[in-house]
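Me: Please take a close look at the sheet in this protein and at what packs around it. I would like one connected account.

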Amino acid sequence: MEKRIGIVGLGKMGGNIARRLVAADWEVYGFDKSEEAKEALAGDGVSVHTSILELAGALPLPRLFFIMVPHQFVDEVLADLSRGLNEGDVVIDAGNSNYQETIRRAEKLKRLGVSFIDVGVSGGPMGALLGSCLMVGGSREHFLKLEHLWRDLALDGGYGHFEGVGAGHFVKMVHNGIEYGMMQSIAEGFNLMRESKYELDLKEVSRVYRHGSVIVSRLLGWLEEGYQQHGVDLKNISGTVAQSGEGQWTVEAAKELKQAVPVIEGSLAFRKETEANPSYTGRVLSLMRTMFGGHEVLSNDEGEKE
């Protein structure tokens, strides 16, 4: 199987995915609207192009495309890409798309003879560079045909197949919902310790928790690292917490399936409430978000609750 791919979206995630594939001896073609992103990737061995159509034209048939853009731009990318697609091409959407939108998009491309594969990607920008966790949807046939790609992108043992169009994005959506709940528990616990009568070094607590405790996790590692960089008061971190959509989608899916998800629902509600009521709990959440995802969370809060 030839190791050749066209990547649309060369930002924090897509750029590092491109770099990882170049290091794994893939021939990588790329496009991004940002000139800065294109220049950076050109210097890292990616053949960059001025448009999606030019990118498509540079790849020999049949072609493999990898989309890594925010979910609200996927249809725009597909509209441009569709003008240059041919029967037998494969398009992978590796962003955080709604699984129901994935089903719709797959049906549309199927009519062109183009296969559409959804992949949930976890691990953040550094994971994209050092090895991600991949949740691959679509057919078993396509999963096996492209297993060399999943193997080169993922950590050892960090990829798997989930049958059905949209299944990969559904599993990733639920993953992010679980992430909301885990982060909320950590943030509430550290806020509780901060408010106690004890003068606890929260950085030291996060360090100890990470070594042999039942709740050890990468989130605690990022929290400890964040405390080291920003101090335990987190004065420069916003107490208003953004939410990217997948927590909301998880709650909506639970309602459709008539299943209770009170922890995820409560963590989503908390994030929305921080828009009016920023807090230290919110700062801890924002800190973890920036440490693993590179999100901008500098503080501009006024009248924040202590």
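Reply: In this predicted model, Val136 stands opposite His161 in S8. That pair belongs to the join between S7 and S8, which run parallel and are linked by four bridges. Strand S8 (154-161) is an edge strand, and so is strand S3 (47-48): each pairs on one side only. Between these edges the sheet can be followed strand by strand. It is open, has eight strands in the order S3-S2-S1-S4-S5-S6-S7-S8, and its pairing is mixed.

Further along the sheet is S4. Three bridges join S4 to S1, and the two run parallel; here Val8 stands opposite Ile67 in S4. On the other join, S4 and S5 also run parallel, with four bridges between them, and Phe65 stands opposite Val91 in S5.

The side chains of S4 are worth a look. In a regular strand, side chains alternate between the two faces of the sheet. In S4, Leu64 and Phe66 lie on one side and Phe65 and Ile67 on the other, and all four are buried, so both faces of the strand are covered. In soluble globular proteins, nonpolar side chains tend to be buried together.

What, then, is the make-up of the largest nonpolar core? It has 31 residues, and Ile92 and Trp150 touch the most other members. Among the elements that each supply at least two of its residues are strand S4 (64-67), strand S5 (90-93), strand S7 (132-136) and helix H8 (147-153). Helix H1 gives the largest share, four residues.

Trp150 leads back to the start of this account. Leaving aside neighbours within four places in sequence, Trp150 is in contact with Ile92, Ile117, Val119, Leu134, Val136, Phe143 and Tyr159. Val136 is thus on that list as well as standing opposite His161. There is also a second, separate core, with 23 residues, including Phe190, Met193, Val205 and Ile237.

Nonpolar residues also occur at the surface. Met126, Leu129 and Leu130 make a nonpolar surface patch of about 280 Å². Leu129 is placed in helix H6 (residues 124-130). Is Leu129 buried or exposed? Its relative accessible area is 30%, and because buried means under 20% and exposed means over 50%, Leu129 counts as partly exposed.

Technical notes. Residues are numbered from 1 along each chain as its sequence is written. This is a predicted model: local features need pLDDT of at least 70, side-chain atom pairs count only at pLDDT 80 or more; totals for chains, interfaces and linings use all residues. Side-chain values use heavy atoms; hydrogens and water are left out. A nonpolar core is a set of buried Ala, Val, Leu, Ile, Met, Phe, Trp, Tyr and Cys residues joined through side-chain atoms within 4.5 Å. Buried means under 20% relative accessible area, exposed over 50%, partly exposed in between (1.4 Å probe, protein chains only). Contact means heavy atoms within 4.5 Å. Patches are made of residues with over 30% relative accessible area and no salt bridge: like charges are joined within 9 Å, nonpolar side chains (Val, Leu, Ile, Met, Phe, Trp, Tyr) within 5 Å. Accessible areas come from the Shrake-Rupley method with a 1.4 Å probe; for residues, only the protein chains shown count as cover. A salt bridge is a side-chain nitrogen of Lys or Arg within 4 Å of a carboxyl oxygen of Asp or Glu. Two strands pair if DSSP finds at least two bridges between them.
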